[in-house]
Amino acid sequence: LYDAVQALDNTNFTRAKTEEERKALHLKKEVKNAQDVWTEKSGSGNALAALYLALARAAGLNADGLQVADRDTRIFDPSYLSLDQLDSLLVVLHIDGKDIYLDPGEKLCPFGQLQWTHIMAGGIQQNAKGPVYTPPNATKDAITAHAADLIVDAQGGITGTVKILMNGPAALHWRQLNLTSDPEEVRKQLNESLSNLLPQGITGEVDKIQGLETAEGFVSVSTKVSGQLGSSTGKRLLLPGFFFSTGAHPQFVAEEKRTSAVDLHYAEQVIDDAVYHLPAGFTVEGSPQPVQVPWPEHATLVVKTAPGTGSIEIKHIFARAFVLLDPKEYPALRDYYQKIAANDQQQLVLVKAPGAAGN
């Protein structure tokens, strides 16, 4: 049922038919109910969500509608007695004692997941006695993985490839952009996003994009990268210990105080994996230390290194389970991100073996 509704034309990502077009197609002047939406195979996001709710109930499922305030535009206020603040319709299935929150009105949103603006969003649910809030997402449903395979030369220059995998909200962003923009605009914006990911001095160009047309699995982006990564000091090469710029958010290190809540949109895992192929005659003298940096019930950082023959692999795995934090928790947040920032300053030090030929 969910797939059938998702396959219909969602006019939030195309456009609604004009009155003249509806008349030419012999359609009703106005869509009034779920049957009309099903007959026309088209509707707004909220109309499609209402259709799914009707189909689920017709199939004998225990389902409730839930109207919430979209977190990208407003904060739900239970004391403000106006339904105008509730602009998004979700559906809650009650199966085997569990609540399954669905977002049928978001094109390409996977079954059992929500658009990030509907995560931890407040609203009113049918058959509930008071205001309700949607749950946070699971980190496994918001994974971004970066894998780099890099060839380092004797002067610290690199060439190689980077592959990016995304599911959950990050993937949904690019999938929905692909619905409303041409392929070149998607590629352009992906290339722009690389500048925030790659180290200073390294440039990249998107080579291949996969997984934009389906709600399942990962969006995959392949890129080629090159540039000057390290610096030479005599017999040594100094390179960043972590290739990707995905560590602590700088604002949590810089700001001493905060009076408003911290909103990071959704919980996530960021997995960075970089393999450095060393220049001929060089060995690893120093590298980031394997470590675990936990913040119980909030986040954890794990660093792993795996030296090989003529190479070293460095993994930086960060999982954040929280979405929203009260300002009173900001000092603990800042302290934790300062620890991460300090850890991420570690370097990869390569040394040329005595008698090794220069390149």
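**Exercise 1. Classify Gln125 as buried or exposed, and list what it touches.**

Step 1. In this predicted model, Gln125 has a relative accessible area of 11%. Buried means under 20% relative accessible area, exposed means over 50%, and partly exposed lies in between (1.4 Å probe, protein chains only). Gln125 is therefore buried.

Step 2. Gln125 belongs to strand E6; helices (H or I, at least four residues) and strands (E, at least two) are DSSP runs, numbered from the N terminus.

Step 3. Contact means heavy atoms within 4.5 Å. Not counting residues up to four places away in sequence, Gln125 touches Asp64, Gly65, Leu66, Val92, His94, Tyr101 and Val132.

A note on conventions: residues are numbered from 1 along each chain as its sequence is written, and side-chain values use heavy atoms, with hydrogens and water left out. Because the model is predicted, local features need pLDDT of at least 70 and side-chain atom pairs count only at pLDDT 80 or more, while totals for chains, interfaces and linings use all residues.

**Exercise 2. Lay out the sheet that contains E6, and find its edges.**

Step 1. Two strands pair if DSSP finds at least two bridges between them. The result here is an open sheet of five strands in the order E5-E4-E3-E6-E7, with antiparallel pairing.

Step 2. The edges are E5 and strand E7 (132-133); each has a single partner strand, so one side of each lacks a neighbour in the sheet.

Step 3. E6 and E7 run antiparallel and are joined by two bridges. Val132 in E7 is the bridge partner of Gly123.

Step 4. Now add the helix: H4 (residues 45-58) packs on the sheet and touches strand E3 (63-68), strand E4 (88-95) and E5. The direction of H4 makes about 20° with that of E4; axes are lines fitted to C-alpha atoms, for helices over the stretch in contact, and angles run from 0 to 180 degrees between N-to-C directions.

**Exercise 3. Check the span of H5, then describe its surroundings.**

Step 1. The expected span of a helix is 1.5 Å times one less than its number of residues. For the 13 residues of H5 this gives 18 Å, and the end C-alpha atoms are 19 Å apart, which agrees.

Step 2. H5 is mostly covered, with ten of its 13 residues buried; among them are Leu172, Trp174 and Gln176.

Step 3. The buried residues of H5 pack against strand E8 (143-152), strand E9 (157-166), helix H6 (183-197) and strand E11 (219-228).

Step 4. Take Gln176 as an example: its relative accessible area is 10%. Leaving aside neighbours within four places in sequence, Gln176 is in contact with Phe13, Glu106, Lys107 and Gln115.

**Exercise 4. Count the aromatic pairs and classify the one between Tyr2 and Phe111.**

Step 1. Rings of Phe, Tyr and Trp (its six-membered ring) pair if their centres lie within 6.5 Å; planes under 30 degrees apart count as stacked, over 60 as edge-to-face and the rest as tilted. By this rule the count comes to eight aromatic pairs.

Step 2. Tyr2 and Phe111 are 5.3 Å apart centre to centre, with 85° between the planes, so the pair is edge-to-face.

Step 3. Locate both rings: Tyr2 is in helix H1 (residues 2-6), and Phe111 is in the loop between strand E5 (98-102) and strand E6 (122-125), 109 residues apart.

Step 4. Compare accessibility: Tyr2 is buried at 6%, whereas Phe111 is partly exposed at 43%.
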